[in-house]
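Got your viewer open? Let's take a short walk through some charged side chains, one pair at a time.

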Amino acid sequence: MMIDFRVYDESDAPEAARPMLEAAKKRMGFVTTLNGVMAESPELLAGYNALAEQFGRSSLPGPAKHVVLIAASVENGCEYCVAAHSTLALRSRVPAEVVEALRAGKPLQDTALESARRLTQLMVVQRGWVDDAEVEAFLAAGYTRRHVLDIVLGVGMKTLSNYTNHLAHTPLDPAWQGQEWSRAHD
C-alpha cells in the first residue's frame, strides 16, 4: 500500500506555501511536482528553497554544482532528481558525456569534476565520514575548504528532495521526461 501524497499547485496549496509556489512558477514557468508535494509542509518547502538559493550562490563552479546535485541524487537512488538535474545540467551546457557518466555512476574524464563527483559520492555513502586523504585529494584538484563545505550544502539540499521523492513517489514533470532514470540504471 502506498501513502498518497497530494501534489498541490499555487491555487490549492496550504496558505503559507502559496507565495512560494507562485514564485517558483514565475521562475521556472511551472510548479514542479516536487514543490507541489513539499507544499504540504510549507516549512519543508521554505527550507528546501533556502538551501537551493544558497547552493546556487555557493563558490563551487557552475559545472561542479551540477555534478554535486546529480551525483548525490544517483547515490540516493532518486529517479525524480536525477531526471530533473540531468535536464537542467544539459540546458546549462554541461557536456552530455559528463551527464551520462554521472547518471551511470561512472568516473568523469575531467579531473576537477571527477574530484567533485567522488567527494559527493563518498559524502552520501559514508554519511559525512569522509577520510582525510579523500578530502586532501579534492583539495589537490584545485578546490578549497570552502568548496568542501559547499558540497555539504548541496548534499543537504538533495537529501531533503531525494527523501521527499522516495516517500511521496513524486510523479515526474513533463519537463524532465526526456531524462528519465531508474535506480536499476547501469
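Before you click anything, one yardstick: a residue counts as exposed when its relative accessible area is over 50%, as buried when that area is under 20%, and as partly exposed in between. Keep in mind, too, that this is a predicted model.

Our theme is salt bridges, and the structure holds six of them. We'll visit some of these.

**Stop one.** Select R6 and D12. Their side chains form a salt bridge, with 2.8 Å from N to O. How exposed is each partner? D12 has 28% relative accessibility, so it is partly exposed. R6 comes in at 42%, so it is partly exposed as well.

**Stop two.** Now go to helix 3, residues 42–57, and pick out E53 and R57. The two side chains meet in a salt bridge at 2.5 Å, N to O. These residues sit four apart in the helix, which means about one helical turn separates them. Here the yardstick earns its keep: R57 has a relative accessible area of 56%, which is over 50%, so it is exposed. E53, at 44%, is partly exposed.

**Stop three.** Move on to helix 7, residues 111–125, and select E114 and R117. Another salt bridge joins their side chains, at 2.7 Å from N to O. The pair is three residues apart, about one turn of the helix. Are these two buried or exposed? E114 has 15% relative accessibility, so it counts as buried. R117 is buried too, with a relative accessible area of 7%.

Note on methods:
Residues are numbered from 1 along each chain as its sequence is written. This is a predicted model: local features need pLDDT of at least 70, side-chain atom pairs count only at pLDDT 80 or more; totals for chains, interfaces and linings use all residues. Side-chain values use heavy atoms; hydrogens and water are left out. A salt bridge is a side-chain nitrogen of Lys or Arg within 4 Å of a carboxyl oxygen of Asp or Glu. Buried means under 20% relative accessible area, exposed over 50%, partly exposed in between (1.4 Å probe, protein chains only). Helices (H or I, at least four residues) and strands (E, at least two) are DSSP runs, numbered from the N terminus.
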